[in-house]
Amino acid sequence: MAVILVTGSAGFIGSHVVERLLSRGDTVVGLDNFDDFYARPIKERNLEVARAHPGYQHFEADLRDAEAMERLFATHRPEKVIHLAAKAGVRPSIQDPARYVETNVNGTVNLLQACRNYPVAHFVFASSSSVYGDRATVPFRESDCTDEPASPYAATKKAGELLLYTYHQLQSLPVTCLRFFTVFGPRQRPDLAINKFVRLIEKGEPIPFFGDGSTRRDYTYIDDTVDGILAALERPRGYQIYNLGRSNPVTLREMVETLERVLGKPALIDRQPDQPGDVRATYADVRRAQEELGYAPRISFEEGIRRFVAWSRSL
């Protein structure tokens with residue numbers, strides 16, 4: 001099996017990807033700098049299974065450190081890269097856009113420069129549904145225009161896709177960009193709505209409810225997203241972009257109602273105005289991923305919530 005570099009290995013999606021790769025026999029090099037966006041102990045807990053596995057090696061460094069990226073590639077010689085590391089979050093990116101550019105754009109360039117010196121067979125990039133901006137036309141197709149991002153975070157993800165296309169053209173680097181749609185499940189970041197709302201409802205505290213509840217998100221369970229990532233990893237097609245969503249959006253109002261039903265507790269609603277950078281809807285057209293990757297999301301939204309609540313209550 002291959003030696004695979006997974007950046008952001010201590011994060012929500014990254015830790016699940018690492019465990020799946022290890023379970024099938026790959027050697028995994030995990031890169032993470034334990035950014036203080038949320039507490040390090042949470043990320044260390046995410047890595048407990050990986051660190052106990054003989055096929056896992058951790059490299060603690062920052063993407064912005066070009067020399068460290070060069071050392072990583074020189075030491076471990078990864079054959080494939082799954083680049084998940086990034087400064088995350090739409091709203092925080094509005095407050096600190098420079099940091100997002102430094103990490104998400106310049107950090108990605110540092111990885112790509114290392115790939116020039118130590119060629120890899122396939123570079124898989126975690127993009128985002130946010131690149132589509134605030135579109136009224138749904139579902140979102142990979143061929144849609146993505147020139148109007150609604151936040152600095154979205155702009156950095158679009159920039160990443162463009163940079164990867166350039167390196168593909170100049171260096172013949174096989175590249176797959178995966179546009180994730182609101183991934184949720186065990187280990188989800190504590191700042192994200194489902195995780196935050198579950199904790200607040202359990203404690204009987206009010207949840208922030210932005211707008212009238214009609215905004216829609218194409219929530220996608222973590223196992224389905226990981227299935228898509230690994231399917232893409234094994235199918236380099238030059239340069240390609242895929243949506244990984246469930247193609248069945250849920251309104252904010254429906255999301256809260258599902259949480260109440262699964263938790264068996266009512267939510268206290270703290271109504272607030274719409275937030276800058278938020279979009280009205282995300283909705284993935286996944287036909288390309290279905291046809292070319294065999295992608296087929298299996299977990300319904302309510303079943304995913306049940307699994308998340310069971311995990312949350314087990315902590």
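Let's start with one pair of residues: Ile-4 stands opposite Lys-80, which belongs to strand 4. Strands here, like helices, are DSSP runs numbered from the N terminus, with at least two residues (E) for a strand and at least four (H or I) for a helix.

Before going on, a word on what you are looking at. This is a predicted model, in which local features need pLDDT of at least 70 and side-chain atom pairs count only at pLDDT 80 or more, while totals for chains, interfaces and linings use all residues. Residues are numbered from 1 along each chain as its sequence is written, and side-chain values use heavy atoms, with hydrogens and water left out.

Back to our pair. Strand 1, residues 3-7, runs in the parallel sense beside strand 4, residues 80-83, and four bridges join them. Two strands count as paired if DSSP finds at least two bridges between them. Another bridge partner in strand 4 is Ile-82, which matches Val-6. On the way to strand 5, Ile-82 has Val-124 as its bridge partner. Strand 4 and strand 5 are also a parallel pair, over four bridges.

Where do the side chains of strand 4 point? Lys-80 and Ile-82 go one way, Val-81 and His-83 go the other way, and all are buried. Buried means under 20% relative accessible area, exposed means over 50%, and partly exposed lies in between, with a 1.4 Å probe and protein chains only. As a general point, side chains in a regular strand alternate between the two faces of the sheet.

Now let's zoom out. Which order do the strands of the sheet follow? The sheet is open, has seven strands with parallel pairing, and reads 3-2-1-4-5-6-11. The edges are strand 3 (56-60) and strand 11 (239-244); each has a single partner strand, so one side of each is left without a neighbour in the sheet. On average, neighbouring strands are turned by 20 degrees against each other, direction ignored. For angles in general, axes are lines fitted to C-alpha atoms, for helices over the stretch in contact, and values run from 0 to 180 degrees between N-to-C directions.

Next, the helices that meet this sheet. Helix 4, residues 66-76, lies across strand 1, strand 2 (27-32), strand 3 and strand 4, at about 160 degrees to strand 3. Helix 7, residues 152-171, packs on the sheet too, touching strand 5 (122-128), strand 6 (175-180) and strand 11, and makes about 160 degrees with strand 5. Contact, by the way, means heavy atoms within 4.5 Å.

Let's move to helix 10, residues 252-263, which has two helix partners to look at. With helix 8, residues 193-203, the axes come within 11 Å and cross at roughly 45 degrees. The two are therefore oblique to each other; under 35 degrees would be roughly parallel, over 145 roughly antiparallel, 65 to 115 roughly perpendicular, and the rest is oblique. Residues in the contact include Phe-197 and Ile-201 of helix 8 and Met-255 and Leu-259 of helix 10. By class, there are ten nonpolar, no polar and one charged residues. Nonpolar covers Ala, Val, Leu, Ile, Met, Phe, Trp, Tyr, Cys and Pro, charged covers Asp, Glu, Lys and Arg, and the others, Gly among them, are polar.

The second partner is helix 12, residues 301-314, packed against helix 10 at about 55 degrees with the axes 10 Å apart. These two are therefore oblique as well. Among the contact residues are Met-255 and Leu-259 of helix 10, and Ile-305 and Arg-313 of helix 12. This contact divides into seven nonpolar, one polar and four charged residues.

While we are in helix 10, have a look at Glu-260. Glu-260 is partly exposed, at 25% relative accessibility. Not counting residues up to four places away in sequence, Glu-260 touches Lys-265, Pro-266 and Ala-267. Glu-202 is 58 residues away from Glu-260 in sequence, and their C-alpha atoms are 9.7 Å apart.

Last stop, the loops. Which peptide bond is cis? The bond from Val-138 to Pro-139 is, with omega near -5 degrees, and Pro-139 sits in the loop between strand 5 and helix 7. Arg-77, in the loop between helix 4 and strand 4, has a positive phi near 45 degrees, although Arg-77 is not glycine. Thr-182 has a positive phi near 35 degrees and is found between strand 6 and strand 7 (183-184). Thr-182 is partly exposed, with a relative accessible area of 27%.
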